[in-house]
Amino acid sequence: MQIQYKAPRNWLQTLLQTEIAQGMALTLRRMFNRPITRQYPEEKPVVAAGFRGRHALVRDAATGESRCVACMRCARVCPSHCIRIRWSRAADNSRVVDAYNIDALRCIFCGYCAEVCPVNAIVLTEVYAYAANGRSAFKFDKQALLDNWDDFAAQKGDMQGYVNPLCRPRNMPEGALAHAKRVAVDAEWSGAEQWVGKNHRAAQVRTQCAEPTPSAPGHGQTNQGGAAQ
């Protein structure tokens with residue numbers, strides 16, 4: 001994925017509000033196109049990588065329990081305060097999760113919990129279709145979150161090598177990540193091909209200047225586009 005930056009408006013475009021006219025022209029053109037209707041639920045939509053769906057606690061294949069180590073990072077970073085964790089000390093002084101509760105109706109699905117988890121214990125799965133007749137069904141406890149993972153694994157089939165992209169925050173250098181979060185994701189998700197930051201234009205110009213561009217014999221020409229295409 002590449003980010004395309006729009007050129008700033010000049011004073012005439014600001015005065016005439018040309019963007020409103022462009023938007024209305026687009027709407028007018030679409031009025032004469034055939035509608036595109038997906039026959040849901042017979043035709044399922046393709047869920048993109050990193051979709052933030054139903055919450056789940058990843059079940060450890062070795063122990064059969066949650067991977068959670070009760071570090072409390074997810075509860076602290078949650079902007080809507082929808083995560084509640086209760087833990088205790090084991091005989092070996094390690095932390096044991098006694099209760100893990102998420103109020104999905106309060107959650108804003110930002111994905112921060114999955115990004116900060118050092119062991120990739122909490123994930124937002126690709127399950128998007130779930131409904132109930134009462135609010136209590138959306139208040140997931142530890143067992144419900146583990147069941148959500150089991151349901152997701154049953155839908156995906158083979159979970160060997162599955163990587164949730166939220167476990168690898170975008171544009172983060174690998175050296176700054178916890179060991180468990182150094183997972184392989186494609187360049188589209190990792191942000192390796194994105195232009196970000198306040199100096200993105202200068203970096204792009206340097207990259208484009210370094211690439212050979214076709215030119216007439218004897219006349220050098222440098223392509224210095226200001227926006228990512």
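**Helix α5 and its surroundings**

Mentor: In this predicted model, helix α5 covers residues 142–156, and its 15 residues should span 21 Å at 1.5 Å a residue, which agrees with the 21 Å between its end C-alpha atoms.

Trainee: Which residues of α5 are buried?

Mentor: The buried residues of α5 are Leu145, Leu146, Asn148, Trp149, Phe152 and Ala153, and they sit on the same side of the helix because they cover an arc of only 150 degrees around its axis. An α-helix has 3.6 residues a turn, so residues three or four places apart point the same way.

Trainee: What do those buried residues pack against, and which residues are exposed on the other side?

Mentor: The buried residues of α5 pack against β1, β3, β4 (122–124) and β5, while Ala154 and Gln155 are exposed on the other side of the helix. Just after α5 comes glycine 157, which takes a positive phi of about 90 degrees.

Trainee: Switching to charges, how many salt bridges are there?

Mentor: The structure holds three salt bridges. In one of them the side chains of aspartate 151 and arginine 54 meet, with an N to O distance of 3.9 Å; aspartate 151 belongs to helix α5 and arginine 54 to the loop between α2 and β1, so this pair ties together parts that are 97 residues apart in sequence.

Trainee: Is arginine 54 buried or exposed, and what is it in contact with?

Mentor: Arginine 54 counts as buried, because its relative accessibility is 12%, whereas its partner aspartate 151 is partly exposed at 37%. Leaving aside neighbours within four places in sequence, arginine 54 is in contact with several residues, among them Val123, Tyr130, Phe140, Asn148 and Asp151.

Trainee: And which residue does arginine 59 pair with?

Mentor: Arginine 59 forms a salt bridge with aspartate 150, with the closest N and O atoms 2.9 Å apart. Since arginine 59 lies in the loop between β1 and α3 (73–77) and aspartate 150 in helix α5, the pair ties together parts that are 91 residues apart in sequence. Arginine 59 is partly exposed at 25% relative accessible area, and aspartate 150 counts as partly exposed at 30%.

Trainee: What about lysine 156?

Mentor: Lysine 156 forms a salt bridge with glutamate 126, where the closest N and O atoms are 3.5 Å apart. This pair links helix α5, which holds lysine 156, with the loop between β4 and β5, which holds glutamate 126, 30 residues apart.

Trainee: New topic, the sheet: what is the strand order?

Mentor: The open sheet has three strands in the order β2-β3-β5, with antiparallel pairing. Both β2 (83–89) and β5 (139–140) stand at the edges with a single partner strand, so one side of each is left without a neighbour in the sheet.

Trainee: How many bridges join β2 to β3, and how many join β3 to β5?

Mentor: Seven bridges join β2 to β3 (residues 95–103), and two join β3 to β5. Isoleucine 102 in β3 stands opposite isoleucine 83 and also opposite phenylalanine 140 in β5.

Trainee: Last one: how many disulfides are there?

Mentor: The count comes to zero disulfides. For cysteine 74, the nearest cysteine sulfur is that of cysteine 68, 6.1 Å away, and for cysteine 110 the closest is in cysteine 78, at 6.1 Å, which is too far for a bond. Cysteine 74 counts as buried at 8% relative accessibility, and cysteine 110 is buried at 18%.

Definitions and conventions:
Residues numbered from 1 in each chain as written. Predicted model: local features only at pLDDT ≥ 70, side-chain atom pairs only at ≥ 80, totals over all residues. Heavy atoms only, no water. Buried < 20%, exposed > 50% of the residue type's maximum accessible area, 1.4 Å probe, protein only. Contact = heavy atoms within 4.5 Å. Pairing = 2+ DSSP bridges. Helix = DSSP H or I, 4+ residues; strand = E, 2+ residues; numbered from the N terminus. Disulfide = S-S within 2.5 Å. Expected span 1.5 Å × (residues − 1). Arc of directions from axis to C-beta. Salt bridge = Lys/Arg side-chain N within 4 Å of Asp/Glu carboxyl O.
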